[in-house]
Amino acid sequence: MSRIPALRFLLLLGLTLGAFLLLAWLLPPSPALGVDQARQMPYYSLPFGTDNPFYPGELSTPDGRLLNWRAVPDSRSCGECHLQETLEWATSLHAISDKDLIYDSSVRENESASQAARHHGLEKGRWCEACHNPLGTLAGLVSPVTSVQETEALEEGTSCIVCHTVNHAQPLAGNGALELDINGVFRYGHPALLAAAPSRHARDMRAAREQPLMQDSALCGACHTEIRPTSVHGQEPMNLQDTYDEWRRSPWARQGIQCQDCHMSRDPAAFVAALKRGERPARSVSHRFVGNNYLLADTSLPAPLLNALRGGSPPGINRLFDRQQFNQELGRTHGAILALLREAAELGLAAHPEPGGLQLQVGVKNVGAGHALPTGPLDQRHMWLEVEVLDQQGQSLFHQGAFDARTGQVDPAAPIWIKEITNTAGEPERRHILFDAERLHYPRKPIPAGATDRVDYHLPLAPGGPYQIKVRLWYRLALQDILENIERQGLGRVDAVIPPVLLQEASLTVATQGQRLAVKEQP
């Protein structure tokens, strides 16, 4: 290239860039897109006062107005440029936080069939939907009479636009205590204008360099804190999920390790394993939001069942990616979930002779979770121990904690980490009907990060042996009873058992002779 054409090229490039910068500077501010509820949605129900139109949820907008449902962008539009991030998100639980059939049937049962639902049951559902369906809640969809239509954006659960327009978070208030500036977001989304003003787009979409909250646990904590307000039921607020507070009090928080560091890592299990070794790996970012819900990412389930449980086809299918691409990505998400779960705990075994048999001490240590183990909605999430003793011939002499794969029930004698709920009628509540929760009881409390819970067994063994002792630690996403909500809501019957996940196992071989004990640990 000769010198003159090169200079002309550089001059043209400079003029083009200058024009883009001038255009970016001259672009007008965003119009006010909020909906004046009193004038534009006069039948929107406000039984709990007008201070917060989204109450009992804690969502808010800077101007206090509802969203213009027609103007909310869907995640597919983000995927036009951010394809891999959108595909990862589509496999996550965030993408189906409202469509998830187990959740959807449970919230409907709360809103329509609980005792607390006799008065403003649907509006009380904003307490749930503020986190599970934030855009629908902000647009006024959760109301008996509404003019809002369910667009693709409003079906997407916790979508791109939800997290990427957050101004503030109140994680200890919970119940979706996020201020979303969707009404003020810069929506000139034409590719030419994005090219002209990429910094404006980065600012509006809360790039981490523009909004440090994007890398802060407070963003996650606003929804991963669940407190039932008295407007739903009861004389006092009831804490039902404390994941953020568990993290806040943990050694992980003191080391500056945020929720996003683990759960948004490209390889969460490897990241946690490195932390356990005392290393601090470089931060990487994925939008799978790897957590604990292995069931809704399990590609070994029959395709029609998995598709139904996930609430139908994924957002972006056949536009951004095909079914094969989605299934491959979903399989990777499932593998990442299982690997992360199995980094959470360690088992320690010790045996001591005692009159009439053997004392077995099992230590369950929370080594890999930055919060309690288990965590989340603990009336459903649970963990338990299984112990089996075999003689030399392989015959079972003692077995406690077995899981019945036919009925989906756990041996009631097993040590179990769960939150037992009693409803207003004094009956055990096993279907996640939190509107009617009256009392809470922990058979065993969740294990804080870094702590150990010890369980003692007294095994009636005759002198001799050797005996093989097998110990397994199991985790399960939900109780089998929760599937009844699907049938109760007339949505069909799910003829399947929610399977558990084996977190850890350990074994000992022991031989006893009076007070003498020979122990051999098995790998």
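These are my notebook entries on a few local features I looked up in this structure, which is a predicted model.

**Entry 1: cis peptide bonds**

I started with the backbone and looked for cis peptide bonds. One of them joins Tyr 55 and Pro 56, with omega at about 10°. To place Pro 56, I checked the elements on either side: it sits in the loop that runs between helix H2 (37–40) and helix H3 (75–79).

I noted another cis bond going from Leu 373 to Pro 374, where omega is near -5°. Pro 374 belongs to the loop between strand S6 (357–366) and strand S7 (382–390). I will come back to S6 below.

**Entry 2: positive phi values**

Next I looked up residues that are not glycine but still have a positive phi. Asn 318 is one such residue, with phi of about 65°. I found Asn 318 in the loop between helix H17 (303–309) and helix H18 (323–341).

Is Asn 318 buried or exposed? Its relative accessible area is 65%, and the cut-off for exposed is over 50%, so Asn 318 counts as exposed.

His 432 also has a positive phi, near 70°, and is not a glycine either. His 432 lies in the loop between strand S12 (428–429) and strand S13 (437–444). I asked the same kind of thing here: is His 432 buried or exposed? With a relative accessible area of 17%, and buried meaning under 20%, His 432 is buried.

**Entry 3: aromatic rings**

I then searched the whole structure for aromatic pairs, and the search gave seven. One of my look-ups was Tyr 244 with Trp 247: their ring centres are 5.5 Å apart and their planes make an angle of 40°, which is a tilted pair. Where do Tyr 244 and Trp 247 lie? Both are in helix H13 (residues 243–248), three residues apart, or about one turn of the helix. Both residues are buried.

After that I turned to Phe 321 and Phe 326. Why is this pair called stacked? The ring centres are 6.2 Å apart and the planes meet at 15°; stacked requires planes under 30 degrees apart, so the label fits this pair. I also checked how enclosed each ring residue is. Phe 321 is buried at 3% relative accessible area, and Phe 326 is buried too, at 2%.

My last note on rings is a cluster: Trp 384, Phe 403 and Trp 474 group together as one aromatic cluster.

**Entry 4: strand S6 and its partners**

Back to S6, as promised. How many of the 10 residues of S6 are buried? I found that nine are, so the strand is largely enclosed by the rest of the structure.

I then asked which strands pair with S6. Strand S5 (residues 345–354) is one partner: the two run antiparallel and are joined by 10 bridges. Among the residue pairs, Ala 345 has Asn 366 in S6 as its bridge partner. S5 and S6 make a hairpin, with two residues between them. In that turn I noted Gly 356, whose phi is positive at about 85°.

Strand S14 (residues 452–459) pairs with S6 as well, again in the antiparallel sense, over eight bridges. Here I wrote down one facing pair: Val 364 stands opposite Asp 453 in S14.

A reminder to myself for looking at strands in the viewer: in a regular strand, side chains alternate between the two faces of the sheet.

Conventions. Residues are numbered from 1 along each chain as its sequence is written. This is a predicted model: local features need pLDDT of at least 70, side-chain atom pairs count only at pLDDT 80 or more; totals for chains, interfaces and linings use all residues. Side-chain values use heavy atoms; hydrogens and water are left out. Helices (H or I, at least four residues) and strands (E, at least two) are DSSP runs, numbered from the N terminus. Buried means under 20% relative accessible area, exposed over 50%, partly exposed in between (1.4 Å probe, protein chains only). Rings of Phe, Tyr and Trp (its six-membered ring) pair if their centres lie within 6.5 Å; planes under 30 degrees apart count as stacked, over 60 as edge-to-face and the rest as tilted. Two strands pair if DSSP finds at least two bridges between them.
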